[in-house]
Amino acid sequence: MTTPVETSTHPQERKIVTAIPGPKSQAMHERRKNAVSNGVGAALPVYIASAHGSVVVDIDGNQFIDMASGIGVTTIGHTDPAVVSAVQNQVANFTHTCFTVTPYEDYVRVAELLAQHSPGTHAKKAVLVNSGAEAVENAIKIARKYTGKNAVGVLDHAYHGRTNMTMAMNFKNSPYATGYGSLGTAVFRAPSSYPFHDGLSGEEAAKSTIWYLEKQVGAQDLACIFVEPIQGEGGFMVPADGYLNAIQAWCTENNVVFVADEVQAGMARSGAYFSSETFGLVPDLITTAKGIAGGMPLAGVVGRAEIMDASHPGGLGGTFGGNPVACAAAVAVFDQIEKEGLLAEARRVEKVFGGGLRDLQAKHPIIGEVRGKGAMLAIEIVQPGTKDPNPQAVTSIVQYCFERGVLLLNAGTNYNVIRFLPSVKTSDVQLADVLSVLDEAISAL
Ligand code: PLZ
């Protein structure tokens, strides 16, 4: 058993005391190789002993500023005291009854909070599940049941998960679906909006998306379209102005359910509860997960009551969906966002860190574009003077930062994007420190 760390004394700066990964992490990694499937990746193989705020500490005593947040999960910081105490209280009270057997209040509360904080004033309802992919799977079921139609529209560069249906929805076959047999059917893909490369206005890009979907499948068979308002794994692309609004308008005219997959961009990260709001979108359905419960596994679908209610009793659910401990954590997360003004904190991160990235771009021609919103920012790394991808430089930069105590993740269809997903509470000092390491890393290429 490990002893919980005293959060008030947990370090908040980076410090490297061994080679990276250190000897204990290396030994642990050998153990892992004998026990854990090869299929499970390890981007940064240091083994974590504790984490608080924006800093994680590994078993060798190395301290890292966490710009990954477990792929955008610990948005309000690691071990937020309010989340920790909500979880501790709930664990001691009851851990499971199954909401579809004997229900409890916090599930209802989370559904109310999702309805309250998602765009639009119409009546909304929610269902809670365990992971982002499961939320996407459920949104498809819900849209099919409501429309009586079957086909699913997705965009280039999309990522929606690792289950059978969501594997079929991802843009990249490799590594997600390679060799895993036949995938979910009736998925149709269309070009997205990627202003840095396509140079199209929102209206032009939407015209092309809609043309593809009309020709490949047609609105009469299309149950829903999934968009990530800011594309996550694909490389944090922010679509051109008006693009998503035009897609949504076409959906509304054609009885196609417009689904915003907010699994990565949602829950305060963009500076709004859901990034859809920053584009002036009112999605029919939203899928949410990751940041919603401070690191506890929880996900959901929230949307128009009439669409959500088309499902018959017993059609939606699962043993663990909306687990009471995860729901207690989520209620605490919503509470902290309000109490601590965390939407404004996300916008501060955008100003400070995004501004810093643009300064680096002026200095280093290898940075082709700085993009993103709030605490979801990225740089696309190119061969200088071109827009050609430079994934080798990304690998070197990520490794350099990692060895100096900064955890970064790559992204992008061509692995040539570095993404930043810090907690929205990461301090200006920590952000400036990360920028200085990044500057060194690029200069050292
Ligand atoms: N939709 C938009 O970003 C998860 C996955 C990384 P789960 N993204 C990180 C990996 O390699 O597995 C994601 C997402 C969007 C859906 C998902 C899936 O969410 O909670 O991982 O199932």
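Mentor: A polar contact is a pair of N or O atoms within 3.5 Å, and we shall apply that cut-off to a model that is predicted.

Trainee: What makes the approach of Lys 290 to a nitrogen atom of the ligand a polar contact?

Mentor: A polar side-chain atom of Lys 290 lies 3.1 Å from a nitrogen atom of the ligand, and because the cut-off is 3.5 Å, the pair counts as a polar contact. The protein covers 82% of the 510 Å² of accessible area that the ligand has on its own.

Trainee: Which distances do Tyr 159 and Glu 233 show?

Mentor: An N or O atom in the side chain of Tyr 159 is 3.3 Å from an oxygen atom of the ligand, while for the side chain of Glu 233 the corresponding distance, to a nitrogen atom of the ligand, is 3.4 Å; both pairs therefore meet the limit of 3.5 Å.

Trainee: How many residues surround the ligand, and which are the closest?

Mentor: There are 14, the closest being Gly 132, Ala 133, Arg 162, Asp 261 and Gln 264; by class, the shell holds four nonpolar, five polar and five charged residues.

Trainee: Turning to the sheet, why are β12 and β15 called paired strands?

Mentor: Pairing requires at least two bridges, and four bridges join β12 (residues 376-381) to β15 (residues 417-420), so the two antiparallel strands qualify. Within this pairing, Glu 380 stands opposite Val 417 in β15.

Trainee: What packs on the sheet, and which strands does it touch?

Mentor: Helix α14 (residues 391-403) does, touching β12, β14 and β15, and its direction makes about 35 degrees with that of β15.

Terms used: Residues numbered from 1 in each chain as written. Predicted model: local features only at pLDDT ≥ 70, side-chain atom pairs only at ≥ 80, totals over all residues. Heavy atoms only, no water. Near = heavy atom within 4 Å. Polar contact = N/O pair within 3.5 Å; in protein donor to acceptor, adjacent residues only side chain to side chain. Areas by Shrake-Rupley, 256 points an atom, 1.4 Å probe, with all protein chains shown as cover. Nonpolar A, V, L, I, M, F, W, Y, C, P; charged D, E, K, R; others polar. Contact = heavy atoms within 4.5 Å. Axes fitted to C-alpha atoms, helices over the stretch in contact; angles between N-to-C directions.
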